[in-house]
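Student: I should like to learn how to read the features of a protein model, one at a time. Could we begin with the way strands are arranged?

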Amino acid sequence: MAKKQTAGSAPGQSKKLRSYTAAMAKLKPFPRIAFAVCALLCLIAFLPWLCIYNTDIPGIEIKVSGWNAFFCGLTGNLTVPGGVFGNMDTFNYFAPASCKPLALFGLLAYALLLAVLIMNGIMLSKKAQVLHLPAAILGLGAAVFTVLGFNAANSVNNSNILVEYCQSNPACSVESYAIITAILLIVAVIFNVIGAVKFFKARALLQ
Amino acid sequence: MKKAISLLLAAMLCLACFGCGKTRDYVLTEDTFFLLMTNMQYYPEQYLESTLEFDCFTYELTDVNGKSYICGVRKSSSEYGCTCGRDTIIGFLLHSAEPLPEPRNQSADNGDKTWVHLTGRLQSAEKTEITIHSYLPDGSIDPSRNEVISFLSFEVASCDLIEDASGLQYYVIK
């Protein structure tokens with residue numbers, strides 16, 4: 001009897017296993033794409049989360065990049081001299097009420113982004129597809145903090161920076177591109193969510 | 001991967017320690033002059049313990065009451081960044097036990113000035129407000145209009161005359 005059962009279930013289990021293996025193989029591109037998007041986000045973190053355009057010099061006059069916000073949030077120091085990462089010190093002088101949350105949200109967003117990057121890296125190297133769901137959750141958190149950072153950056157408009165720094169120059173404007181980071185984060189999250197759904201479906205095949 | 005995460009965390013820790021604000025001295029170069037000088041205007045208290053070293057030209061400011069002040073400055077745009085406004089000077093009021101080199105060619109809008117290499121410290125984080133007559137675009141003084149400019153005071157420890165200032169920027173920008 002026992003022999004009969006084994007003989008009857010072995011092909012079924014083998015079929016399940018083959019289906020599971022095939023389903024898992026289809027998961028490969030998802031962490032790869034999510035990892036690529038996160039890596040791209042780390043690069044475009046040099047773009048301004050907050051910046052001032054002016055009339056008589058081309059491009060952006062001063063800016064706070066994503067990394068600038070991250071490092072200021074990490075160190076808690078918003079008064080260090082400006083450098084390649086940005087000029088948080090200048091913005092903080094004129095609009096401290098906006099810069100403190102900007103640095104905090106920058107820190108949280110990029111800390112989560114780095115975590116998502118690492119998770120997708122682990123999924124790529126160790127094939128630990130179980131990490132799709134936590135990566136998606138953390139990615140969503142990063143996107144939320146980025147949107148909050150975008151709001152904080154735009155709130156600089158309510159400060160007196162346009163009056164004092166720009167001397168009421170009508171062509172002077174405050175802009176933020178943090179929303180691009182948030183959109184790309186959502187793209188990464190979508191791939192992780194699809195990956196998570198497919199992973200759980202694949203696992204269900206074994207049951 | 002563990003190694004990569006450890007390295008990342010170590011790098012973050014180093015950056016955090018670096019940003020904790022250990023007292024340090026500053027030598028302002030042509031690349032850092034504007035950024036550090038503007039930062040000093042915004043947050044002078046974080047430089048009070050530091051020795052500062054920089055090149056500038058001497059400039060005599062006379063207020064509306066006829067009182068004169070010797071400054072060490074460079075030319076820049078007003079509000080230390082926005083090039084949409086008027087031009088101004090950026091630097092310090094100088095205080096020295098020794099006589100400082102006399103400013104020269106002050107009315108000319110060029111770098112042919114008395115350039116000096118200064119070492120010293122900020123006296124305090126307090127700014128001195130000086131009321132002067134406004135300058136017209138042609139460089140002449142308009143006695144009917146006044147403006148107030150603020151300067152930090154710098155205690156000069158050493159002052160060396162610079163013979164060849166050809167490599168130094170008269171007008172500093174970011």
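Tutor: Please keep in mind that this is a predicted model. In chain A there is an open sheet of three strands in the order β2-β1-β3, with antiparallel pairing.

Student: Which strands are the edge strands of this sheet?

Tutor: They are β2 and β3 (173-175) of chain A, each of which pairs on one side only. On average, neighbouring strands of the sheet are turned by 15° against each other, direction ignored.

Student: What holds paired strands to one another in general?

Tutor: Strands of a sheet pair through backbone hydrogen bonds, and the pairing is either parallel or antiparallel. Here, strand β1 (residues 48-53) of chain A pairs with β2(A) in the antiparallel sense over five bridges. Tyr53(A) has Ile60(A) in β2(A) as its bridge partner, while Pro48(A) stands opposite Ser65(A) in β2(A).

Student: Is strand β2 of chain A mostly covered or mostly open?

Tutor: Strand β2 (residues 60-65) of chain A is mostly covered, with five of its six residues buried. Helix α3 (residues 66-75) of chain A lies across β1 and β2 of chain A, and runs at about 50° to β2(A).

Student: Let us turn to a single residue. Where does Glu175(A) lie, and which residues does Glu175(A) touch?

Tutor: Glu175(A) lies in strand β3 of chain A. Not counting residues up to four places away in sequence, Glu175(A) touches Cys51(A) and Tyr53(A). As a point of comparison, Glu175(A) and Gly139(A) are 36 residues apart in sequence and 24 Å apart in space, C-alpha to C-alpha.

Student: Why is Glu175(A) described as partly exposed?

Tutor: Glu175(A) is partly exposed because it has 16 other C-beta atoms within 10 Å. A residue is buried at 20 or more such atoms and exposed at 12 or fewer, with partly exposed in between.

Student: How should one read the packing of two helices?

Tutor: One looks at the distance, the angle and the residues in contact. The axes of helix α2 (residues 29-44) of chain A and helix α5 (residues 96-126) of chain A come within 9 Å and cross at roughly 145°. The crossing of α2(A) past α5(A) is left-handed. On the side of α2(A), the residues making the contact include Phe35(A), Cys38(A) and Leu41(A), and on the side of α5(A) they include Leu113(A), Val116(A) and Leu117(A).

Student: How many residues of each class does this contact have?

Tutor: The contact of α2(A) with α5(A) has twelve nonpolar, two polar and one charged residues.

Student: What is the general tendency of nonpolar side chains?

Tutor: In soluble globular proteins, nonpolar side chains tend to be buried together. In this model, the largest nonpolar core has 63 residues, and among those with the most contacts inside it are Cys38(A), Leu113(A) and Val116(A). The element that gives the most to this core is α5(A), with 14 residues. A second, separate core has 23 residues, including Phe33(B) and Phe151(B).

Student: Which residues are in contact with Cys38(A)?

Tutor: Leaving aside neighbours within four places in sequence, Cys38(A) is in contact with Leu113(A), Val116(A), Leu117(A), Asn120(A) and Ala188(A).

Student: How many helices and strands does chain B have?

Tutor: Chain B has two helices and six strands, and along the sequence they follow the pattern α-β-α-β-β-β-β-β. Of the 174 residues in chain B, 22% are buried.

Student: Which sense of pairing is found in chain B, parallel or antiparallel?

Tutor: Each sense is represented. Strand β3 (residues 68-77) of chain B pairs with β4(B) in the antiparallel sense over seven bridges, and there Lys75(B) has Ile89(B) as its bridge partner in β4(B). By contrast, β4(B) and strand β6 (residues 141-161) of chain B run parallel and are joined by four bridges. In that pairing, the bridge partner of Leu93(B) in β6(B) is Ser153(B).

Student: Finally, what should one know about the sign of phi?

Tutor: Most residues other than glycine have a negative phi. Asn105(B) has a positive phi of about 55° although it is not a glycine. Asn105(B) is found in the loop between β4 (87-95) and β5 (115-135) of chain B.

Student: Why is Asn105(B) classed as exposed?

Tutor: Asn105(B) is exposed because it has 12 other C-beta atoms within 10 Å, and 12 or fewer is the cut-off for that class.

Note on methods. Residues are numbered from 1 along each chain as its sequence is written. Chains are lettered from A and ligands numbered from 1 in the order in which they are written. This is a predicted model: local features need pLDDT of at least 70, side-chain atom pairs count only at pLDDT 80 or more; totals for chains, interfaces and linings use all residues. Two strands pair if DSSP finds at least two bridges between them. Axes are lines fitted to C-alpha atoms, for helices over the stretch in contact, and angles run from 0 to 180 degrees between N-to-C directions. A crossing is left-handed if the near helix is turned anticlockwise from the far one by less than a right angle, and right-handed if clockwise. Two residues are in contact if their C-beta atoms, placed from the backbone, lie within 7 Å. Ala, Val, Leu, Ile, Met, Phe, Trp, Tyr, Cys and Pro count as nonpolar, Asp, Glu, Lys and Arg as charged, and the others, Gly among them, as polar. A nonpolar core is a set of buried Ala, Val, Leu, Ile, Met, Phe, Trp, Tyr and Cys residues joined through C-beta atoms within 7 Å.
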